[in-house]
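I opened the model to look up helix packing first and backbone oddities afterwards. My entries follow in that order.

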Amino acid sequence: MSEMIAVGNGVVFTLGNPGQVIDDGAVLFCGDKIVEVGKTAEIKRKANSFIDAGGRVIMPGLICAHHHLYSTFACGISAEPAKNFVEVLEKLWWKLDRALDLDDVEYSALIPLARCIRSGTTTILDHHASPNAILGSLGRIGDTITRAGIRASLCYEVTDRNGAKGAQAGIDENRHWLEHCKASNGMLHGLVGIHAAMTVGPQTLDACILLAKQYGSGLHIHVAEDKADQDDSLRKYKKRVIARLAEAGGLGPKSMAIHCIHIDDDEIKMLAESKTTVVHNPQSNMNNAVGCANVPKLFAKKVRVGLGTDGMTSNMLEEARASLFIRHHVVTDPATGWGETVGMLFENNAAIASDYFGKTLGVLKEGAAADIIIADYTPFTPASADNVFGHILFGVAAEGVHTTICAGKVLMQARELKTLNLHDISKSAAKLTPQTWKRFQSI
Ligand SMILES: [Zn+2]
C-alpha cells in the first residue's frame with residue numbers, strides 16, 4: 001500500500017462540472033489516484049505526509065492536446081524568409097525534421113518536457129517527425145517521457161514526401177509504438193500520425209487508417225491548416241479534405257483533426273457526426289499567418305474542440321490567453337471567446353485525454369488521477385466557482401507554477417525540478433545543435 005500524501009493549506013480549484021473553490025482546502029492521494037478533496041484540517045489527519053501549498057492555488061495538471069517536441073531546435077535558427085505557409089514548411093520545418101538524428105530527437109524532447117513540468121502541463125499529445133531517424137524515434141521520446149514523469153500520447157507523422165520507403169518506415173514506427181503501448185500503465189498512449197492530407201496519397205492514407213483500426217486507435221493529422229491543403233485535395237481528388245478522410249474511414253471518436261481553419265459547413269457537419277476531435281492552436285496560427293479556426297461555430301455544431309500549442313510553447317495558460325485574445329481581435333468583440341477558451345482548455349482537453357488514457361484527468365475529485373499542481377499564486381481578490389477562470393487566466397498565468405505532481409509523483413517542488421536537470425540537459429543539447437544546424441543549412 002502506497003502512503004497517503006496530502007497537498008493542502010491552499011485554495012483548491014477542483015475544476016470539473018460543477019467545479020468548486022475550497023478555501024483552506026487540500027487534496028489527498030494514494031499512489032496515482034486522488035482519494036479525497038476537502039478541508040485541510042480533516043484531510044491532514046488522514047495523511048502520512050503533507051505538502052504545504054502556503055495559501056497558494058491547488059488545481060489539476062494542465063493538458064496539451066497537440067504538441068511538437070521535435071520543433072525545439074528551431075529556437076534561434078537562421079531560415080530563409082517564407083512568403084506563405086507552404087514555404088514555412090519547405091524552408092523551416094521540412095529542413096529541420098530531416099536534420100534530426102536520434103540524439104537530437106531525445107534532447108529536443110527533454111527541454112520542452114522540463115518546460116511542461118515548469119508550467120504545470122502533465123499530459124501532452126505529441127506529433128513527431130524525423131525523416132532521417134524514424135526507426136526507434138518514438139521509443140526514444142517515450143523514454144524521455146518516462147524519465148520526466150508526465151503522460152504522453154505519441155505518434156509519427158507519416159508522409160509521402162520522402163518516398164515510399166519513408167512512408168512505410170513511418171507506418172512501421174507507429175505500429176511499433178502502438179505495440180509498445182499495449183503494456184502501458186496509463187502513462188503512454190499511441191495514435192497513428194499523418195502529417196497532413198496534402199502529403200499522403202491514397203495508398204498511404206489507407207494503410208494508416210487500417211493500422212489505426214487494427215489497434216483500436218485513431219489518426220492524429222493536420223487538417224486544413226492552410227488553404228493549400230484544400231486546394232491540393234480538390235485538384236488531386238476532386239473533393240475537400242474532410243470528405244476525403246471521411247470516405248477513406250479516417251474520421252471517428254478516436255481521431256484528431258488538428259487546426260481545421262479552412263473548412264466549410266459540410267465539413268463541420270461531418271466532424272460533428274463522426275465525433276472527430278478538432279484541436280485549435282492559436283499562437284501557431286497567428287505565427288504562420290494562416291487564419292483562425294471558427295471555434296464558436298464548431299462549438300455550436302457540437303464538435304469537440306481541444307486546445308494545443310503546435311510546439312510553440314509547453315505553457316497552456318499562455319496558449320489559452322492567446323485563444324481568448326485572437327477571438328476578441330478577429331470579431332472585434334471583447335465579450336466573446338471566454339466560454340470556448342475555458343471549454344477547450346479544461347472541459348474538452350480533460351475529456352480527450354481521459355478517453356485516450358482511460359483515467360479521469362483534468363479534475364480534482366475522488367478517483368481521478370493524482371495530477372495536481374500548486375500554482376505560485378495566492379488570490380488577492382475574492383475567488384469563487386463563478387470567477388475561477390479569471391483567476392487562472394489573469395492570476396495563475398502571470399505567476400507560474402510552484403509544484404507539479406503527475407500520477408502521484410512529485411516532478412517539481414518549490415520550483416525545483418526533481419526528475420530532469422534542465423541546466424545539464426541544455427548544456428548537452430548545446431553540444432549537439434551546431435551539427436544539427438549545419439545539416440539544416442546543407443539540406
Ligand atoms: Zn502541428
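I began with the pair α12 and α13, which are roughly antiparallel to each other (the word applies to angles over 145 degrees). Helices here are DSSP runs of H or I with at least four residues, strands are runs of E with at least two, and both are numbered from the N terminus. I noted that the axes of α12 (residues 316-331) and α13 (residues 338-357) come within 9 Å and cross at roughly 155°. The contact, which requires C-beta atoms placed from the backbone to lie within 7 Å, is made by M316, A320, S323, L324 and R327 of α12 with W338, E340, T341, M344 and L345 of α13.

The model is predicted, so local features need pLDDT of at least 70 and side-chain atom pairs count only at 80 or more, while totals for chains, interfaces and linings use all residues. Residues are numbered from 1 along each chain as its sequence is written.

Next I looked up α5 (residues 163-181), where A167, G170, I171, E173, N174, W177 and L178 are buried (20 or more other C-beta atoms within 10 Å, against 12 or fewer for exposed and in between for partly exposed, with C-beta atoms placed from the backbone). Seen down the axis, these buried residues fall within an arc of 155°, taken over the directions from the axis to the C-beta atoms, so they line one face of α5. On the other side, A164, K165 and E179 are exposed.

Last, I checked the backbone. The peptide bond from N17 to P18 is cis, and P18 sits in the loop between β1 and β2. D24, in strand β2, has a positive phi near 50° and is partly exposed.

Notes: Expected span 1.5 Å × (residues − 1). Axes fitted to C-alpha atoms, helices over the stretch in contact; angles between N-to-C directions. Parallel < 35°, antiparallel > 145°, perpendicular 65-115°, else oblique. Contact = placed C-beta atoms within 7 Å.
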